[in-house]
Amino acid sequence: MELIFSLLQQLSVYLVIAYLLSKTPLFMPLTTVSGHLSQRLACYVVFSLFCILGTYFGLAIENAIANTRAIGAVMGGLLGGPLVGFAVGLTGGIHRYTMGGFTDTACAISTTAEGLLGGLIHSYYVRRGLVDKIFKPAVAFIVLLIAEVMQMSIILLVAQPFDQALHLVKAIALPMITANAFGAALFMSIIQDRKAIYEKYSAAFSSKALKIAERSVGILSRGFNQQSTKKIAQIIYEETGVGAVSITDREKILAFIGIGDDHHLPGTAISSDYTKQAIENCELIYADGYEVAYQCSLYNKCKLGSALIIPLLGGEDKVLGTIKLYEPKQKLFSSINRTLGEGLAKLLSNQILTGRYIEQQTLLTQAELRLLQAQVNPHFLFNALNTISAVIRRDPDKARDLIQHLSQFFRRNLKHNIESVTIKEELAHIRAYLEVELARFSDRLQVDFLVEQEILDVFVPTFTLQPLVENAIKHGTSTLLENGKIEIKGGVIEDNNQTLVQLQVIDNAGTYSPAENATGLGLQIVDKRLKNRFGELYGLQMSCEQGISTTAQILFPLVVEKNK
């Protein structure tokens, strides 16, 4: 009984060291079973040290040592696997062998075997997908119990003389089995508690980050300005619970929410040296008010006592501004908010870049529309005026109608600055265009509209069909000696269990040549805008039966949506 109390006393010191070590970063890999080299190396180093410490903390009895060495060996195997368990046990066994005694060889063998036993249990649970079982204190207790029985058996088999070995086992078996089994369970309990803390920390971090990301998505796409940053700052302030949140550009405060908002006013110039330093050097600055002094640069009685300043980066690592988190003087920054602050800076930087990309895409879309209009307007206007000039003398009423159709066409052009219109609106635009073209070609051109009613309210990119009709006339029917015919078709088809809208412009010329039309800017823009809108699988497809017909076909998913 006295030996049990002595071992438990030594075990207390052993576990205190384990608890203190659990507060360090070295302990973190022990809370996972990843199989990565870094995790295995950490297990080997930590548990080899505990294996050796267990020997040093042991009690000398009859030229042998009653010890807690087995805890390190078995725990190394349980958490690191067979290879790590064997290595830890071998290291502890060799160390024990160098200390001599009639049980030195037996202890070296048994310690190695104990580490390997822990590793085999590890493999058993991993193969069956029961990794969480490894961290159960009850499992550590049972494995240590078996390991110590195995050690006593090896001592009886290997140590000489046998009588002395038997006497030793009778003296130390029960104390060592009891102390080491409970010690392993308590050690695993420490690891389990630390694992729970890490998981709780990670869950809290992830929850905050996801909420902020969810609430802030799309806000900065409207621009990096006072209105958008005020909304972002309010979201961060509510979700993190910090004392205050500020967002700046390179020159001024854009938004400030929280303690001190009476003197940190949006629109005022940046006065903080720390903020200027963060912008100029593109570095994170944490002024905790202790190691790094912090004092509000605007008001000496300000209640804010610490600040975390993180640069917001744009393209090519250019600093666009900063996000600043503050805490009052009586409160320290939590580590989760410090880490979260860095993540938020990356999130906001990406949102700003996304906003600028969307803005540039919008400008590009508008430029493409202008380019399509520019292609249509000059030669169409020239042809239209010539047609009206020819008609005006023989049929003034007809000329008047043509002028009205021409004005409607250009009026619609002026309104076509939006990204998309309904098929019904696109057809109305085409009809105004065709009224002039039909007058120009007199009876040599026939146009038929065969568009189903159900797709008239479906949206398409502006100027989708008009360039196709123009191309059919300019490069198709206008080259024919006989009458030209154009069909504008539209409807719904089923393809691979998907409902698609099909639009076709078909002429009877059959003069389309892919090589000659490869540089056709109008068709390229139509195809590109369709792909941007509906995906790479969709767009404009041109096909031709030479001398018979040319078909310009558009396919895209049927989606009921609002105008963009």
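## Cavities, surface patch and contacts in a predicted model

The lining of the second largest cavity comprises 5 nonpolar residues, 3 polar residues and 1 charged residue. This description, like everything that follows, refers to a predicted model. The residues around that second largest cavity are Leu468, Asn471, Ala472, Val505, Asp507, Met542, Thr550, Thr551 and Ala552, and at least two of the lining residues come from each of helix H14 (466-474), strand E12 (498-507) and strand E14 (549-557).

The largest cavity is lined by Ala64, Ile65, Asn67, Thr103, Cys107, Gln151, Met152, Ile155, Leu168, Ile172 and Met176. Its lining holds 8 nonpolar and 3 polar residues but no charged ones, with at least two residues contributed by each of strand E2 (64-66), helix H7 (137-158) and helix H8 (162-216). Counting cavities of 30 Å³ or more gives 2, and the table sets out their volumes and the make-up of their linings.

| Cavity | Volume | Lining residues by class |
|---|---|---|
| Largest cavity | about 50 Å³ | 8 nonpolar, 3 polar, no charged |
| Second largest cavity | about 40 Å³ | 5 nonpolar, 3 polar, 1 charged |

Turning to the surface, Phe86, Leu90, Ile94, Leu116 and Leu120 make a nonpolar patch of about 420 Å². Two or more residues of this patch are given by each of helix H4 (82-98) and helix H5 (104-127). Helix H4 provides the largest share of the nonpolar patch, with 3 residues, while Leu120 is a residue of helix H5.

Helix H8, already met in the lining of the largest cavity, also takes part in contacts between side chains that are separated in sequence. The model contains 9 aromatic pairs, and one of them, formed by Phe50 and Phe187, is edge-to-face, with 5.0 Å from centre to centre and 75 degrees between the planes. Because Phe50 belongs to helix H2 (residues 37-56) and Phe187 to helix H8, this pair ties together parts that lie 137 residues apart in sequence.

Salt bridges number 8 in a search of the whole structure. Among them is the one in which the side chains of Glu238 and Arg215 meet, at a distance of 2.7 Å from N to O. Glu238 is in helix H9 (residues 226-240) and Arg215 is in helix H8, so this pair ties together parts that are 23 residues apart in sequence. In general, side chains of opposite charge can pair when their charged atoms come close.

Two details of the backbone remain. As background, most residues other than glycine have a negative phi, and most peptide bonds are trans. Gln160 and Pro161, however, are joined by a cis peptide bond whose omega is about 0 degrees, and Pro161 is placed in the loop between H7 and H8, two helices that each supply at least two residues to the lining of the largest cavity. Cys282, although not a glycine, has a positive phi of about 50 degrees, and this residue is found in the loop between helix H10 (273-281) and strand E5 (285-287).

Definitions and conventions. Residues are numbered from 1 along each chain as its sequence is written. This is a predicted model: local features need pLDDT of at least 70, side-chain atom pairs count only at pLDDT 80 or more; totals for chains, interfaces and linings use all residues. Side-chain values use heavy atoms; hydrogens and water are left out. On a 1 Å grid over the protein atoms alone, a cavity is a set of points where a 1.4 Å probe fits but cannot get out, and a pocket is an open set with protein on both sides within 12 Å along at least five of seven lines; lining residues have an atom within 4 Å of a point. Grid points are joined across faces, edges and corners, and a volume is the space filled by probe spheres set on the points. Helices (H or I, at least four residues) and strands (E, at least two) are DSSP runs, numbered from the N terminus. Ala, Val, Leu, Ile, Met, Phe, Trp, Tyr, Cys and Pro count as nonpolar, Asp, Glu, Lys and Arg as charged, and the others, Gly among them, as polar. Patches are made of residues with over 30% relative accessible area and no salt bridge: like charges are joined within 9 Å, nonpolar side chains (Val, Leu, Ile, Met, Phe, Trp, Tyr) within 5 Å. Accessible areas come from the Shrake-Rupley method with a 1.4 Å probe; for residues, only the protein chains shown count as cover. A salt bridge is a side-chain nitrogen of Lys or Arg within 4 Å of a carboxyl oxygen of Asp or Glu. Rings of Phe, Tyr and Trp (its six-membered ring) pair if their centres lie within 6.5 Å; planes under 30 degrees apart count as stacked, over 60 as edge-to-face and the rest as tilted.
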